[in-house]
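Dear colleague,

Please find the structure below, together with its sequence. My notes on what was found in it follow.

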Amino acid sequence: MPGPEPRLRHRFLPGRLIAGLCALATAALYAGDAAGAWHTPWFTALPVVFGGLFVAGVVGSLHYGVRRRRARSSASSENTDAPASTSGSQAMR
């Protein structure tokens with residue numbers, strides 16, 4: 001008998017994943033340079049980090065748009081119908 005599905009602690013955010021991977025790639029490049037495995041120029045971090053942040057922003061925006069569209073299409077139609085009474089008898093007190 002299978003148990004209930006496990007719940008995630010937070011939502012998946014692909015933009016943050018990409019930004020983190022670019023930061024880790026930069027750190028790995030400079031760690032390899034510090035260990036003497038290869039030579040990394042000083043300016044390498046700029047295009048890797050800023051390019052990664054740009055790509056992360058684009059991916060995050062796309063993911064946000066997809067999430068909003070999916071939420072809008074799966075929302076119940078109960079909120080889009082006319083109210084039960086439009087005579088004004090439901091006034092807030």
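**Findings**

T26 lies in helix α1; helices here (H or I, at least four residues) and strands (E, at least two) are DSSP runs, numbered from the N terminus. Please note that this is a predicted model, in which local features need pLDDT of at least 70 and side-chain atom pairs count only at pLDDT 80 or more, while totals for chains, interfaces and linings use all residues. Residues are numbered from 1 along each chain as its sequence is written, and side-chain values use heavy atoms, with hydrogens and water left out.

With a relative accessibility of 10%, T26 counts as buried; buried means under 20% relative accessible area, exposed over 50%, and partly exposed in between (1.4 Å probe, protein chains only). Setting aside neighbours within four places in sequence, T26 is in contact with A45, V48 and V49, where contact means heavy atoms within 4.5 Å.

**The chain as a whole**

The secondary structure of the chain amounts to 2 helices and 0 strands. The chain has 93 residues, of which 10% count as buried. About 8400 Å² of the chain is exposed, and carbon and sulfur atoms supply 64% of that area; accessible areas come from the Shrake-Rupley method with a 1.4 Å probe, and for residues only the protein chains shown count as cover. If one takes the contacts between residues at least 6 apart in sequence, 50% join residues at least 24 apart.

**The two helices**

How do α1 and α2 pack, and at what angle? Helix α1 covers residues 14–35 and helix α2 residues 45–74; they pack at an angle of about 165°, with their axes 7 Å apart. Axes are lines fitted to C-alpha atoms, for helices over the stretch in contact, and angles run from 0 to 180 degrees between N-to-C directions. The two helices are therefore roughly antiparallel to each other, a term used for angles over 145 degrees (under 35 is roughly parallel, 65 to 115 roughly perpendicular, and the rest oblique).

On the α1 side, the residues that meet α2 are P14, G15, I18, A19, C22, T26 and Y30. Their counterparts in α2 are A45, V48, V49, G52, L53, V55, A56, V59, G60 and H63. By class, this contact of α1 with α2 has 12 nonpolar, 5 polar and no charged residues. Ala, Val, Leu, Ile, Met, Phe, Trp, Tyr, Cys and Pro count as nonpolar, Asp, Glu, Lys and Arg as charged, and the others, Gly among them, as polar.

**Individual positions**

A56 has its place in helix α2 and is buried, with a relative accessible area of 9%. Not counting residues up to four places away in sequence, A56 touches G15, I18 and A19. The C-alpha atoms of A56 and I18 are separated by 5.5 Å, although the two residues are 38 residues apart along the chain.

L46, also placed in helix α2, is partly exposed at a relative accessible area of 45%. From L46 to T26 the C-alpha distance is 9.2 Å, with their positions 20 residues apart in sequence.

T44 is found in the loop between α1 and α2. Its relative accessibility is 16%, so T44 counts as buried. Beyond residues up to four places away in sequence, T44 touches L29 and Y30.

Yours sincerely
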